[in-house]
Amino acid sequence: LGGAGGAEMVDHAHAVLRNYAADADIALGAADMRAELLADLPEALKALGGGASVASLSPRAQVATEALIRMTGRPALRITNGEVDDQNPEIGDWMLLLSRREALKGFYDAVGRIDVQVGDDHRHAGTGFMVGERLVMTNRHVIDLFAEPVPGPGGSIQFLLAVPVSIGFQFAGKAPRQRFTVARVVAAGAQRIGGHVDPARLDMAILELAPHADLPAVPLLGAMPTIHSKMLGVVGFPAPPKRLATIDPDTGKLSLPIVDRLSAIFQDRFGEKYISPGEIELRVGSVENDARRWIFSHDSTTLQGNSGSAVIDFESLHIAGLHFGGAPLRQNLAHSIDAVRAAAPGGGMIAPEMLDRLNWRPPAP
């Protein structure tokens, strides 16, 4: 188990669980369980191979897909018809930044809820936002719910959609007139993400939408954080929290204060569009184990479903980050889109010609 036998067991587990993913309903319902199992298996087998008893194994310290970082001062504010709920008493000192309604509306409108269709039901898979002509950016771990990588010509990787996928830009993500079909995955990080954050893996994917005349306008993308930028807003569609998001990392147990705080913030209204203001904690190049220097951390309030959210730089007013993960009461993480662009084609894993199709902010003079 500590050597080749363990590797064979891991390969076997991947093969067995992949077969269960053939049924879309089962795949969606069990995706997190499968990912957690596969992520934990190598470490457990190695420990057992070294002589550890089963009883001595403890669950890996897990990183949630999204997380509550601060108990106060970090609200999530509902967006309705391009307007922030400025009557929310928790808006506090964020009122001034969020009062620039006309400037921010285009960013809000460009963020949509990614859904997979199972029968007549549209199930919330994550968040995405417009980045180019008919192009939507989201996380690699979001597309793993509905797209299967297969070998392409010349050693390339292509993705097959296992179920119909769409994105809705209306504030509740459900309006048929603002729902658009995802035609294909055109680019993605080369490796599956699994149930744990790995700073070396690019948790980014780009989807192409079917032609349509009424797509939202594409906002500008740019670099962040600069030496001056600190305030940001994460725009996305939080879903009901998983139990993992309510675990106190210091005790490993369910935290009732976290549960109560999330209930107060969201009032049990999920799957709708929110902006979560916050601040940068660690700038690009300062996050532990980020050898590729393409990640920064922030303290905005996020939940399951926020995967793929747009991170807006309030100072320069452009989309500068792609939210992808976090650890409860510790930190939330985002890819600097500009840093990913700088890493291509080597570590970026998304071809420069694809990145050139995105709506980049002109460089400062």
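Q: What makes phenylalanine 266 and tyrosine 274 count as buried or exposed here?
A: Both are buried, which means that each has under 20% relative accessible area (over 50% would be exposed, and in between partly exposed; 1.4 Å probe, protein chains only). This is a predicted model, in which local features need pLDDT of at least 70, side-chain atom pairs count only at pLDDT 80 or more, and totals for chains, interfaces and linings use all residues. Residues are numbered from 1 along each chain as its sequence is written, and side-chain values use heavy atoms, leaving out hydrogens and water.

Q: Why is the aromatic pair of phenylalanine 169 and phenylalanine 180 called tilted?
A: The whole structure holds 3 aromatic pairs. In this one, the centres are 5.8 Å apart and the planes 55 degrees apart. Rings of Phe, Tyr and Trp (its six-membered ring) pair within 6.5 Å between centres; planes under 30 degrees apart are stacked, over 60 edge-to-face and the rest tilted, so this pair is tilted. Phenylalanine 169 sits in the loop between β8 (165-168) and β9 (179-188), and phenylalanine 180 in strand β9, 11 residues apart.

Q: What makes the pair of phenylalanine 266 and tyrosine 274 edge-to-face?
A: Happily, the angle settles it: 70 degrees between the planes, with 5.2 Å centre to centre, so the pair is edge-to-face. Phe266, Phe270 and Tyr274 form one aromatic cluster.

Q: How do you know that β16 and β17 pair?
A: DSSP must find at least two bridges between two strands (strands being E runs of at least two residues, numbered from the N terminus). Strands β16 (residues 310-313) and β17 (residues 318-327) share 4 bridges and run antiparallel, so they pair.
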